Amino acid sequence: MSEKDGEPDDQRPDAEQPGVDPLDAEAPGVDDAAELEAAEAELADEAATDEDKTVAASVARRGRAARAAARTDGPTGDKTRSRADAERARVAELRRKRSITRFLREVVAELRKVIWPGRKELITYTTVVIVFVAVMVALVAGLDILFAQGVLAVFG
């Protein structure tokens, strides 16, 4: 008897016998590893075939749906609109796009997105703008005086 399981040494299960793969011993009804591999390969082939059938069926359904949608004009299933109906729809869409109330709502929405400066930042930015404008006015005035004297010098 072996000391660890209490069975005689010559009656050990297949999984513990030397030279036997433990996975083969656990697979019920399969005595040979080659049979197991062949069965696994067959199942893999069947799965691949089923996968191809599933994809092909969904593509076929998608094609039928696209053809059906092409035959109708919209979700209601109406036939193609007349030219006058299409023109009226286009004019209504333009009118809706050009609405003054819509414009004002969009302006307010954009103004809400603005990050407004605080008091200190406002004073700083205002000072910078006033100084910049003063410098530019001085530069333009200086050039104006310079060109005026040049014109008087040339033309008398």
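**Close-ups of a five-helix chain**

**View 1. Asp-85 pairs with Arg-88 in helix H3****.** With a relative accessibility of 33%, Asp-85 is classed as partly exposed. This is a predicted model, so take the view as a prediction. The side chain of Asp-85 meets that of Arg-88 in a salt bridge, at 2.4 Å from N to O. The two sit three residues apart in helix H3 (residues 83–97), which means about one helical turn lies between them. Arg-88 is exposed, and its relative accessible area is 52%.

**View 2. Arg-102 and Glu-106 form a salt bridge in helix H4****.** Here the closest N and O atoms are 3.0 Å apart. Both residues belong to helix H4 (residues 100–113), and because they are four residues apart, about one helical turn separates them. Glu-106 is partly exposed at 42% relative accessible area. Arg-102 also counts as partly exposed, with 26% relative accessibility.

**View 3. Helix H4 also carries the Glu-110 and Lys-113 pair****.** This salt bridge has its closest N and O atoms 3.1 Å apart. The spacing is three residues, or about one turn of helix H4. Lys-113 is exposed, with 60% relative accessible area, while Glu-110 is partly exposed at 47% relative accessibility. In total, the structure has four salt bridges.

**View 4. Four acidic residues make a negative surface patch****.** Look for Asp-32, Glu-35, Glu-37 and Glu-40. Asp-32 is in the loop that runs between helix H1 (22–26) and helix H2 (33–71). Its relative accessible area is 38%, so Asp-32 counts as partly exposed.

**View 5. Helix H5 holds Met-136, part of a nonpolar surface patch****.** The patch covers about 1,000 Å², and its members include Val-129, Phe-132, Met-136, Leu-143 and Phe-147. Met-136 is located in helix H5, which spans residues 119–155. With 35% relative accessible area, Met-136 is partly exposed.

**View 6. Stepping back, the chain is helices without strands****.** There are five helices and zero strands, giving the pattern α-α-α-α-α along the sequence. Just 1% of the 156 residues are buried. The protein chain exposes about 14,000 Å², with 61% of that area coming from carbon and sulfur atoms.

Conventions. Residues are numbered from 1 along each chain as its sequence is written. This is a predicted model: local features need pLDDT of at least 70, side-chain atom pairs count only at pLDDT 80 or more; totals for chains, interfaces and linings use all residues. Side-chain values use heavy atoms; hydrogens and water are left out. Patches are made of residues with over 30% relative accessible area and no salt bridge: like charges are joined within 9 Å, nonpolar side chains (Val, Leu, Ile, Met, Phe, Trp, Tyr) within 5 Å. Accessible areas come from the Shrake-Rupley method with a 1.4 Å probe; for residues, only the protein chains shown count as cover. The place of a charge is taken as NZ of Lys, CZ of Arg, CG of Asp or CD of Glu. Buried means under 20% relative accessible area, exposed over 50%, partly exposed in between (1.4 Å probe, protein chains only).
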